[in-house]
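Trainee: Could we take one close look at a single loop position here, and then place that position within the chain as a whole? I would like a careful, connected account rather than a list.

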Amino acid sequence: MAKERQKAEDAGDVLRYVGVVDAVRQEGRVELRRYKKDHPFAQLSGSDNIIAFTTTRYKEQPLIVRGPGAGAQVTAGGIFSDILRLASYLGAPS
């Protein structure tokens, strides 16, 4: 992994894990991809989220939607809520 990161940096690229959803084939996967530093996926920071829609209309230039993600505090709150709900389901007193 360190070698791949170094090769990408030497070429002026960055590595990003991306989720790819193919609605036509009804499949999804997570891949490690290389992006040029000026690509929108390479410019994320913190808990940013980004989605690129490649459709018939947006084939040549995908539609990019970018914004803040939940962040650590909101994610932790959601997980804690799920734990409490599970505990209640399993019979813990409320």
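Mentor: Let us begin with Q26, which is exposed, with a relative accessible area of 75%; this value lies above the 50% over which a residue is called exposed. Please keep in mind throughout that we are reading a predicted model, and that what follows is computed from it. Q26 sits in the loop between β1, which covers residues 13–22, and β2, which covers residues 27–36. Its backbone deserves attention as well, since Q26 has a positive phi of about 55° although it is not a glycine.

To see where that loop belongs, we can follow the order of elements: from the N terminus on, the protein runs α-β-β-β-β-α, which gives 2 helices and 4 strands. Q26 is therefore an exposed residue in the loop that joins β1 to β2.

For a contrast, consider G77, which lies in helix α2, residues 71–89. G77 is partly exposed, with a relative accessible area of 38%, and it is given that label because its value falls between the cut-offs of 20% and 50%. A further pair links this helix to β2 for us: G77 and E31 are 46 residues apart in sequence, and their C-alpha atoms are 28 Å apart in space.

The overall dimensions give these local details their setting. The C-alpha trace spans about 55 × 35 × 25 Å along its principal axes, and the radius of gyration is 19 Å, whereas a compact globule of 94 residues would be near 12 Å. Of the 94 residues, 13% count as buried, and the accessible surface comes to about 7900 Å², with 56% of it belonging to carbon and sulfur atoms. Turning to contacts between residues at least 6 apart in sequence, 15% join residues at least 24 apart. As for charge, the mean positions of the 14 positive and 11 negative charges are 1 Å apart.

Finally, there is the record to consider. An unreviewed UniProt entry carries the annotation "domain: Homoserine dehydrogenase catalytic" for residues 4–84. In the model, the end C-alpha atoms of that span lie 41 Å apart, and the span is 26% helix and 40% strand.

Key
Residues are numbered from 1 along each chain as its sequence is written. This is a predicted model: local features need pLDDT of at least 70, side-chain atom pairs count only at pLDDT 80 or more; totals for chains, interfaces and linings use all residues. Side-chain values use heavy atoms; hydrogens and water are left out. The radius of gyration is taken over C-alpha atoms; the globule rule is 2.2 Å times the number of residues to the power 0.38. Buried means under 20% relative accessible area, exposed over 50%, partly exposed in between (1.4 Å probe, protein chains only). Contact means heavy atoms within 4.5 Å. Accessible areas come from the Shrake-Rupley method with a 1.4 Å probe; for residues, only the protein chains shown count as cover. Lys and Arg count as positive and Asp and Glu as negative; His and the chain ends are not counted. The place of a charge is taken as NZ of Lys, CZ of Arg, CG of Asp or CD of Glu. UniProt positions are given in the numbering used here, feature names are shortened, and annotations may be inferred rather than shown by experiment.
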